[in-house]
Every structure is written in structure tokens, then in C-alpha cells.
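Here is a short note to read alongside the model, written as numbered points. Please keep the 3D view open and follow along.

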Amino acid sequence: MIILEKIIALQKKTPHIRNLCILAHVDHGKTTLADCLVASNGIISSRLAGKLRYLDSREDEQIRGITMKSSAISLHYTTGGNEYLINLIDSPGHVDFSSEVSTAVRLCDGAIVVVDAVEGVCPQTQVVLRQAWLENIRPVLVINKIDRLIVELKLTSQEAYTHLQKILEQVNAVTGSLFTSKVLEERAEKDAEAQSSCTENGSGDQVYDWSAGLEETDDSDLYFSPDRGNVVFASAIDGWGFSIHQFAEMYSQKMGIRSSVLLKTLWGDFYLNAKAKKIMKGAQSKGKKPLFVQLVLDNIWSMYDAVVTRRDKEKVEKMVTSLGLKVMSRDLRHSDPKVLLSAICSQWLPVSQAVLSMVCEKLPSPAEISAERVEKLMSVGARRFDSLPEQTQELKKAFLDCSADETAPVIVFVSKMFAVDSKALPQNKQRPLTQEEIAQRREQARQRHAERQAANQSAESPGSADTGGASTTVAPASGTEALSVKTAVEEDNKEHFVAFARVYSGVLRKGQKVFVLGPKYDPSLALRLPEGCSAADVLPSVPHMACCTVDSLYLLMGRELEELDEVPTGNVLGIGGMEEFILKSATISTSPSCPPFTPLNFEATPIVRVAVEPKHPSEMPKLVRGMRLLNQADPCAEVLIQETGEHVLVTAGEVHLQRCLDDLRERFAKIEISASKPIIPFRETVIRPPKVDMVNEDMGKQQKVAVIHQVKEEQTKYPEGVQVDSTGLVTLTTPNKMATVGVRAIPLPEEVTRLLEDNVELIRTMEQFSLFAWEDKTLDINQKILENIQEFKVKLESNLQGRKWRGAVERIWAFGPRRCGPNILLNSVEGYRRPSVWQCLEREKETEKAEIRDFDNSIASGFQLATLSGPMCEEPLMGVCFSVETWDMKLSAPLAQQDSIDEDSQTAEPNIDNQNESSDTHETNASSASSNRSRSGAEAAGSSVDCYGPFSGQLIAAMKEACRYAFQAKPQRLMAAMYTCEIMATAEVLGRVYAVLSKREGRVLQEEMKEGTDMFIIKAVLPVAESFGFADEIRKRTSGLASPQLVFSHWEVISSDPFWVPTTEEEYLHFGEKADSSNQALKYMNAVRRRKGLYVEEKIVEHAEKQRTLSKNK
Ligand SMILES: Nc1nc2c(ncn2[C@@H]2O[C@H](COP(=O)(O)OP(=O)(O)OP(=O)(O)O)[C@@H](O)[C@H]2O)c(=O)[nH]1
Ligand SMILES: [Mg+2]
């Protein structure tokens, strides 16, 4: 209670608030450290700190020992006479949950980055440093698990010092590379500006100073160094930790050296010259003990030596008294020396004090938010900050002021929604009664008792009319009780969602009316609303905006929630009753011109999908509801209903999947469900004709054994109206014979595919620009993004060289599927000119209205459909270029006229499609787009409807078919999704790690020894298809010594041809006539086809072959 009041008071003192999260690689000790900090506030006992893992409140978190959800707690801390409020968020370290890290980082101003002293910088450490960097929040460092250096690695204090130096170097190297790339970027920007102003002035030559920038920019704040006070050395499990400040204070009294001198010299190449009583430089070259070793590490080492290794009671007691500590005798007698150790150390060097005072001193308060960060938070997508409406730009000041004034607009960002049991809500919790309440109740009870006695007495007296009265008063009472019990049960079953949020400006109050702005809200729409309106007014409906009343506000206290009446600016909080208005994230404001915050940076790609269904089909509605709730409660899980009617769950990895399924079973749907095996995504592509066949012989050398298989040469499989020439050009005519298209499929170079994949956002922006241009509107694009587009174009050009690709980049018609995918539609129709996809780059020169043929859109739609699902197993295409080489129209005159009149109305439509394009509908988006357009086509063809239906629909279908045949005319291949993994393993288990990897078709890229340890780091790639159970298998085979983390990396072509059949004598000898033994690609393809209910061509063994060639098979 006292804590709550104190915290409420502190919430109003913005400069004394610190919002921070703990970030690290998995298992580096975040939650353990958080325990120590929580214990310092007396919320848990300090004996249990590190064992309880208080912030891991879920059962599965406790069982598996890893954090899965980030959770927040508010603490208070006093240092230097000032009281601080610390809003602490513990985040998960496992890659599968990195989206939880994004949601945490957004709400903070600083971060504690924890690094394991033995493992050093690991992949996730780099990722979280980058995330902190991208959000412009300031980090401090805790090097944890120092005890492992003493107890496990048995390093001497001198060796440990060298080791710690290396770790610091590694961490700083990561920060350094982030910083350098940013400075270079900024410099490039400046150069570009200078250049443009230069050309305006007309002066031609300019001298570039390439060295400028890096030296000028001050980066001293950035790096971690103990003498700057932003590094703490700790062992969270043993409860101790220190920064060199503490030792500097300690020794300045003891040795009479100024603490400022000690601060500068305690870390680094300094030593103590005992004779001269001076601190000298050059410990290393003179072979002396550095000060840090002598004054700091040696003390700790001897403590461990006395307590843990030698268990020397006398020495321990001596040390304890000399440090002026008190240790309980039961700790002294405890059989586990670790108990004694932590009892001593947590008094001597309490980790919470070291960490919290560093946090208060080094991390910024919410009021110190930088203008740069504000602009970043406010710029919506590709729009320039200065292109936002004026009222919106004015809000920047509110962010910077961070004021809790009545006049300040309220701005709140919700980064995720999390589910809580209704029992856990403070309203429904039984709280201890206050003294007055107890007195009141006692009084009530006494009265009741008295009444009952009076009633009894009157009942005893015969002939009393009161009996009936008494019984009637009882009856309704029990009735309401039953009713309230019932509603309570109903309430119990209901999931409550609490929004995880932070106030950036103003004061959020209970009962206040606010606007809830979705991620796609456009602040310029606010201009249409009456000026000065508020959420309480009756307003016309605006897309992605809702008005609601703030239901309840909570203080987040780990497992508990406390109710609040108001939350002033700068605080992290929970908001109840928002589930109707917010799906995953949102912005809340009292001003309608507030922009939605930029979307969170998610590092993980959701890739593992399963189809789920209820055990009992009748429970389908419960499942649907459960999936909806799950979708809301998890920042990164996606829930889709596929065209086939399957309910699909997409997750970031195996562990995440497991957690989602558990949540669904036990929490959201509360039914038994069965999940399919993970659905593995594939891509379809074409390649250049291979030069060698399956037995590595040059193609074309041998004689084909045509007698055995003519299948390949089958020309007859093309239906009427389709012609395929020997070069793979497919010509197809619409059923009404009005139009003919000729299409060829060409494999894109690998680099181009990668470029397209990496620049999806740019392509989307370009697409949007083009759509605006159709409507004669313009879209303001950020200068930086324009430059990126230009750069992207240049890169494409340089990768599309050669005769075949001449001028190709200019002739790009569309990207697909979904208009931004890794496939290209090329306009190679002679004499046909259309607006370029690059038109946003040519804003200055008025784009001449290019000739645009009717039904241009239909061709593009056909392409979108064809690339969305390929002919092999209806998976999306990748890395394919479709070049339209001929396109003839034989339109009858009236029809043509009709269509060109109708062109205007038709062109407006794609825009609507695009607006609606959201992640949850994308499965069916392309088809709906096409149906939209065919509808307008139907109107167009109105007067002359032929028996084949609307013409544009025919053209779409013809184009789609043409693409499919063109695709099939080339050598087809499947592409598999690949994970990269880094495995840390000791030399003994290395062999087994390799065995598991090769069994699962993994490929080792790199193996190196981790400096200063006996660990090897293996980097490998592994197909997603083979990855299920991989982490478990590795852990089992190596007795838990190695545990890999899988991160989606890229798509890779599977080299074997799924349609391959032996055609040469050699191949026939090698694989046998049926050749069904070894085709991995075919197995994958058929598995997908079977799952989708498509026809699977399988050979049934009628006459088993003699297995004469088996010995050669692999
Ligand atoms: N030796 C030693 N072990 C520690 C220390 N701190 C934490 N551990 C152990 O490391 C393991 C992981 O600790 P957690 O605190 O759960 O790690 P985490 O970073 O929260 O892990 P995730 O949340 O899953 O990413 C536990 O078994 C802890 O007991 C330490 O200072 N020394
Ligand atoms: Mg944890």
C-alpha cells in the first residue's frame, strides 16, 4: 500500500522517472537480474531473488525456464537524496519472441543490455543492440555471470580482466558499426543537399572531404566503458554487482586518493606503485597487476576462494567483520556454500544498488526525449515529416515538452494487448479490509444479529403476522445472491485485455473521452472535422478512428495490477476495456490530428504455419473466437483463413508455435484442438537449362533412351488455342478470339531476386505513387526514400546486364504477387508505351501522358494471379520474369469505344483494393482485386456481351494461363526456406552436432573457436522443412550442452528437378526405370499437393524392379 501511494506521487515527477527494459540474448540472466531489483523494493524476499523469477508469471515460462512475454513492474529507488520511479520491463531473449522485445523497446527511454561473461556477444545481443539503436534509446551494460569465470572456467583474476576487456570490445564493436553506418548515411544526405544547392548556384566543381563526418561527430556517449559509469559487473544469481564508482568511493577513503582519480584509473592500463604511493600508467608493459585486478577482482576472487572453494570458516568470519557486515548464523552453518556467499555478497555489493544508481544517473528521463526520436515516431511510412498537416506538426512540441498540464494534449501509444484473467483484475480481487471497513462490517453483523433475534422473538409469540414478512425479506436476498454468483461465473470465463502503453504527453484519466487511432489512420483527415472538436462530440465517422471512454487504468506490477485514477505523462501503464477498439497496437489521443506512431520494427519473420481444427467439429465457433483472441494477444502471431477454409496459425518458430497452441487450448478457446504438422512454405521458380544431367554427364552428349520415356517430349498436353514454340514463347488467344498474348518466362538473376525481396517497402511506395498518379493526385514522398528508390533502380540496372535485359528496368510493368513480390512483368510489346513504374523519380519533368491501352490492368492482374500460385503445387512464384512479347487486340469498334469511355471509372478501382490490402486479407486479395476489375469490365462490355463473358475477365484468365504455360515450358524448380543457426558447443560434442546437422541436410558455413573459452561456434544453414525438432535433438544428443537458435534467412533453389525422369542410358542404369527413390523435390511437391487436395501423380509399383543398382544409390 505504502509503495502504491509512493509510486503515484512519483509518477507526477517526470524528471525523476526512468522507463527502461532489460535486453539480452536468451538465458543471459535478464529475469534473474530483474528479481534482484524487485527484491530491493521488498516485493519478494531477497533470499528468493534469482530462484523465483517473479516476472516469469506464466506457468510455461517457469517450466521451460525462458521468458515468453515481456512484463513490466514499477519500482522506486533513492539515490543522492533524490527519489526515482523506475518502470522496468523484462523482455524475452529467445528469437521466437523478438516481437515482444520490439513492443517493450518502443515504450522505453533506456535499456539495460545484459551480456553473459562466458558466452559474450551472441546473435540476439547484436539484434537487441540494433533494436535499441533503431528506436533511439540509450543503453547501459551489465556483464553478468562473473561467478562462472571463477567457478566454472577457473580463470585467475588477471585472466578474467583480459576476458572482460575482450567482451567490452565486442559489444563496442557492434555499437560502433551501427554508429558508423548512421554517420555515413547522414553525411551522404548532407552531401546530397550540398550538391543540390551547389548545382542551383551553378558552381561546377566541388571538393569532397571523405574523411569528414566520422571524426567530427561526438561518439563518446555511445561506447560502454567502466570509467564512464555505464558498465556494471555482476553475478545476479549470487546477488552482487558493482560499478567502479563503488570501489572508487571505498578506496578513496581507505587510501587517501581522490575518487575522481581512482575513477579514471581503476579501469585501464594503470597500476599502483606502492613505494611511491602513486598510480602509474603502463601496467601491461611493466608486467604489473592492473589496478582493477588488484583492488577489485582480487577481493572477489578471494571471497569465492574462502567461501566456495576452501570453505574456510575462520577466514570468512574475518572477512565479514572487516567489511562490517552481519551474517546470520543459520547462513554461516548452511550446507550449501552458495547461500552463505550470496548472504555476504548481496550485503557487500548489492547488485540492485549498482544497477539502479547507474540507471538513474545514465539513462534519460522521459522529458529528455530528442527531437530526432519524436520525428521518427511521428512520420507515417514514406511521408515526410514536413508534409504532415500543420496541426500535426505542432504536436511535436507537445512530445518535447512532455508536460502534464491540463492544456497539454493527451498522446498515448499502445504497443501490444495482453490478456489477463478476470480474477487478476484489481476490481475482482479480494483485498485486505481497512480498519474502518472491518469496524463497519462488525457493526452490520451486530445489527443483523439483533434483527434476527427480534424476529425470532416475535415468531415465537403466536399469531404474529410478521413471520411472512420475515420470510419475504429473506427470499429476494438469496435470489440476488444467486444472480450475482452467476454473473461472476460468466465474468470468470471472459478474457480481459489490457493495453500495454505509455503516456507521451498530457494526463490520461479514467472516464476521459479519447480518440483511438489505428495504425493506418491518416491525420490529414482530421482537417475535415470541425475545428477544436473533441472525442466527446458527435462526429462523422473517419476511417481507422474511433472514440471511446477510458475504462480503467492500471499500474503494472509484474503479476499484479493496481487500479489508478490518472496517469501523467512519461509513465508506462495498462489500460483496460480497449479490446473492442484496438487489435494489436494503436495511438490514443485527445487531438484528432495526432499521427499514428510508426509501426514497430519486428525482427522475426513469421514462417512456421500450422492448420488447426477442433477435436469436435461442433466446437468450431469456439475455435474461431479463440483464434481471434490469440491474434489480438500476440504481437507477431498471424491468424488466417485460407481459401480452402483451413484455419491457419502463422508463428515465428517452434517454441512460439508451442506457446500459441497452449494459449489456444487452455486460455482462449478452452477446447481440445488438433494442429496439423507444420505447413512448410515453398516457392516455385524456373532456372536456366542445366548443363549436366543427374549423373553429372554433359547434357546432349548421350543418346536419349526415348523408348523408355517419351513423357518429356509430350507436346499434346497443351490444349487448343495454346501454342508453344521451341524457345518457350507461349501464345494464347482468348476464347472470343479478340485478343492474343505472347509470354515468355525468364529466370531472374539471383541478386535481382534478392534485391526485390529486400526492397518490398520501396516497391510498395512506388506502387502507391503510381496509383495516385492514375487519379491525377500526387503523393509526397520523403526525399530519403526517393534516394533509396533511385539507388534500388541503379542496382537493378547493374544486375540486369546483357543483351537479353537491355532496357529491361525501364520496361518493368509490374511486380508480383500482391504488387510487390519478387517477380517481374516486363513490357516487351513492340511499340507499346505505358507509364513507368519509376515515375515517382521523374516528378520534376512533367510525365507525358503515355499511350495506355485498354485492359492494361487486366494483363497485370493475370500476372498477379499467376505469380500468386504456380503450377507445380500452387505455391507463390519467386525470381521469375514474365516478358509479354506480343499483345494483339481485335476489338470491334463499338466495344473499344465503350471501354475507353469507361477507362476513368475503371482506373479508380485499384486504389480501393490497395487501401484495403492488409496482412490478414492478403491470402485472397489478388483474386478479389481481379473480380473487382472484371466487374467493371462487364459494365464496359455492356453493349456487346458475348457468350464468353466479360472481356476483361477473359483477358485476365488468358494472361494467367499464358504465364503458367510459359513457366512450365522452362525447367521448373522448388525453392526451400532456409534457417541460419548458430550453435555453441564444446569440443566433445562437436561431432554429434555435425551428425545431426548432416542428417537434416544442413550445411555448415563456418566453424570457429570462441576466444578465451573452449567453445566452438558453428554457423550453419538448415532447410525449414527439416528443422522441426532440431533444437530438441541437438540438446538431447549433446546432453544440453549446445542449443541452437534458428532464424529465417533466405530462400534457396532445391537443385533436383521434381519432374525428372531418367532419359539416358546412364541415368536409367543409375536410378532404375521408376527413379522414385531419391527425388527430394518431388517428395516435397507431392506432400504440398496432397495437403492442398490437388491431384498427385504417383506411380504405383506394378512390377517391382530387381534392385540391381541399389549399391550406387545414395
Ligand atoms: N552462474 C550464474 N548463473 C546465472 C546468473 N544469472 C542467471 N543465471 C542462470 O541463467 C539461467 C537463465 O536465467 P534467466 O534469468 O531466466 O535468463 P533470461 O535472460 O531471463 O532468459 P530468457 O528470458 O529466456 O531470455 C538460469 O538458470 C539462471 O539461474 C549468474 O549471475 N550466474
Ligand atoms: Mg527471462
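## Notes on the model

1. Let's begin with Lys737, which counts as exposed because its relative accessibility is 57%, above the cut-off of 50%. Lys737 sits in the loop that links β26 (730-733) to β27 (739-747). Please look at its backbone: phi of Lys737 is near 65°, a positive value in a residue other than glycine. Most residues other than glycine have a negative phi, so a positive value deserves a look. Bear in mind throughout that this is a predicted model.

2. Glu1001 belongs beside Lys737 in your list of backbone checks. Though not a glycine, Glu1001 has a positive phi of about 60°. Its place is in the loop between α29 (990-999) and β32 (1003-1009). Is Glu1001 exposed or only partly exposed? With a relative accessibility of 45%, Glu1001 counts as partly exposed, because that value falls between the 20% and 50% cut-offs.

3. One peptide bond also deserves a visit. The bond joining Gly816 and Pro817 is cis, with omega at about -5°. Pro817 lies in the loop between β28 (812-816) and β29 (823-827). As background, most peptide bonds are trans.

4. Now for the overall picture. The protein has 1114 residues, and 51% of them count as buried. Its secondary structure comprises 32 helices and 34 strands. Looking at contacts between residues at least 6 apart in sequence, 75% join residues at least 24 apart.

5. The largest nonpolar core holds 105 residues, and Ile112, Leu508 and Ile575 touch the most other members. Helix α15 (residues 351-362) gives this core its largest share, 7 residues. Apart from this core lies another one, of 55 residues, which includes Ile143, Phe224, Ala248 and Cys345. In soluble globular proteins, nonpolar side chains tend to be buried together.

6. Ile575 is a handy place to centre your view. What does Ile575 contact, leaving aside its neighbours within four places in sequence? Its partners are Val412, Phe497, Val498, Ala499, Ala501, Leu508, Val550, Ser552, Leu553 and Ile588. Leu508, in that list, is also one of the three residues that touch the most other members of the largest core.

7. Next come two helix pairs. Two packed helices are described by the angle between their axes and the distance between the axes. For helix α11 (residues 291-309) and helix α14 (residues 337-348), the axes come within 9 Å and cross at roughly 150°. That angle is over 145 degrees, so α11 is roughly antiparallel to α14. The crossing of α11 past α14 is right-handed.

8. Which residues make the contact of α11 with α14? From α11 come Asn299, Ile300, Met303, Tyr304, Val307 and Val308, and from α14 come Pro337, Leu340, Leu341, Ile344, Cys345 and Trp348. By type, the residues of this contact are 11 nonpolar, 1 polar and no charged. Cys345 of α14 has already appeared in this note, as a member of the 55-residue core.

9. The other pair is helix α4 (residues 98-106) and helix α5 (residues 123-134), whose axes come within 10 Å and cross at roughly 30°. Because that angle is under 35 degrees, α4 counts as roughly parallel to α5. Here too, α4 passes α5 in a right-handed crossing. Ser98, Val101, Ser102 and Val105 of α4 meet Gln124, Val128, Gln131 and Ala132 of α5. The residues of this contact divide into 4 nonpolar, 4 polar and no charged.

10. While you are at α5, have a look at Pro123, which lies in that helix. Pro123 is partly exposed, with a relative accessible area of 29%. The C-alpha atoms of Pro123 and Cys981 are separated by 9.4 Å, although their positions lie 858 residues apart along the chain. Beyond its neighbours within four places in sequence, Pro123 is in contact with His25 and Glu982.

11. Last stop: Ser676, in the loop between β23 (673-675) and β24 (682-686). Ser676 counts as partly exposed, at 30% relative accessibility. Leaving aside its neighbours within four places in sequence, Ser676 is in contact with Val610 and Ala611. The C-alpha atoms of Ser676 and Ala611 are separated by 5.2 Å, and the two residues are 65 apart along the chain.

Methods. Residues are numbered from 1 along each chain as its sequence is written. Chains are lettered from A and ligands numbered from 1 in the order in which they are written. This is a predicted model: local features need pLDDT of at least 70, side-chain atom pairs count only at pLDDT 80 or more; totals for chains, interfaces and linings use all residues. Side-chain values use heavy atoms; hydrogens and water are left out. A nonpolar core is a set of buried Ala, Val, Leu, Ile, Met, Phe, Trp, Tyr and Cys residues joined through side-chain atoms within 4.5 Å. Buried means under 20% relative accessible area, exposed over 50%, partly exposed in between (1.4 Å probe, protein chains only). Helices (H or I, at least four residues) and strands (E, at least two) are DSSP runs, numbered from the N terminus. Contact means heavy atoms within 4.5 Å. Axes are lines fitted to C-alpha atoms, for helices over the stretch in contact, and angles run from 0 to 180 degrees between N-to-C directions. Angles under 35 degrees count as roughly parallel, over 145 as roughly antiparallel, 65 to 115 as roughly perpendicular and the rest as oblique. A crossing is left-handed if the near helix is turned anticlockwise from the far one by less than a right angle, and right-handed if clockwise. Ala, Val, Leu, Ile, Met, Phe, Trp, Tyr, Cys and Pro count as nonpolar, Asp, Glu, Lys and Arg as charged, and the others, Gly among them, as polar.
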